[in-house]
Amino acid sequence: MKIGRGVRQGCCLSPILFNLYSRCLTKEALEGTGDFKIGGQIIHTVKYADDLALLAKEEKVLQDMIDKLIETGGCYGMEINVEKTKLMRISRQPFPVKITIDQKQLDNVESFKYLGSILTNDGRYTCEIKCRIAMAKAAFNKKRALFF
């Protein structure tokens with residue numbers, strides 16, 4: 001099917017249509033894959049807006065998931081931006097993961113911000129707590145003149 005025109009920017013249908021589109025894409029691409037379970041159910045992805053995080057316990061499973069997502073995404077007219085794509089292994093002994101897209105190895109990161117919270121590769125929240133305390137301190141100091 002050839003799409004000639006999309007919805008106008010800011011249209012209330014835009015996020016709904018994108019969510020339906022990305023849901024169909026990820027469901028088709030990742031069905032029958034994955035090894036990450038929560039409460040006995042396999043969880044493939046965590047999504048918010050146009051961000052997508054793939055979850056896997058094994059490196060090979062993650063590479064397979066990415067390969068299938070790229071293949072299916074091509075059919076849907078979507079591509080993964082390799083420059084923006086990062087990896088993070090969450091473990092007590094974190095070591096780099098080797099995942100490639102188009103023969104380019106993805107960057108491993110020690111932390112990243114997701115929905116305003118800092119996630120770190122050691123699975124601890126120390127960095128997030130320190131950051132929140134610093135933000136509260138800065139906000140309080142801005143209003144300090146009102147109180148003193």
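Which residues of strand E10 sit on its covered face, and which on the uncovered one? The close-ups below come from a predicted model, and the first one takes up that question.

**View 1. The two faces of strand E10.** Strand E10 covers residues 117-120. Ile 118 and Thr 120 make up the covered face, while Ser 117 and Leu 119 belong to the uncovered one.

**View 2. E10 and its partner, strand E9.** Here we add E9, residues 111-114, which runs antiparallel to E10 and is joined to it by four bridges. Look for Lys 113: across from it in E10 stands Ile 118, a residue we just met on the covered face. The two strands form a hairpin with two residues between them. Check the backbone at Leu 115, where phi is positive, near 55°.

**View 3. Another hairpin, built from E3 and E4.** Strand E3 takes in residues 45-48 and strand E4 residues 51-54. They pair in the antiparallel sense, with four bridges between them. Pick out Val 46 and you'll find Ala 53 as its bridge partner in E4. Two residues lie between the strands of this hairpin, and Ala 49, in the turn, has a positive phi of about 55°.

**View 4. A nonpolar patch on the surface.** Five side chains to find here: Val 7, Leu 13, Ile 16, Leu 17 and Leu 20. Together they offer about 430 Å² of accessible area. Zoom in on Leu 17, which is part of helix H1, residues 13-30. Is Leu 17 buried or partly exposed? Leu 17 counts as partly exposed, because its relative accessible area is 41%.

Note on methods: Residues numbered from 1 in each chain as written. Predicted model: local features only at pLDDT ≥ 70, side-chain atom pairs only at ≥ 80, totals over all residues. Heavy atoms only, no water. Patch = residues over 30% accessible without salt bridge, like charges linked within 9 Å, V, L, I, M, F, W, Y side chains within 5 Å. Areas by Shrake-Rupley, 256 points an atom, 1.4 Å probe, with all protein chains shown as cover. Salt bridge = Lys/Arg side-chain N within 4 Å of Asp/Glu carboxyl O. Buried < 20%, exposed > 50% of the residue type's maximum accessible area, 1.4 Å probe, protein only. Pairing = 2+ DSSP bridges.
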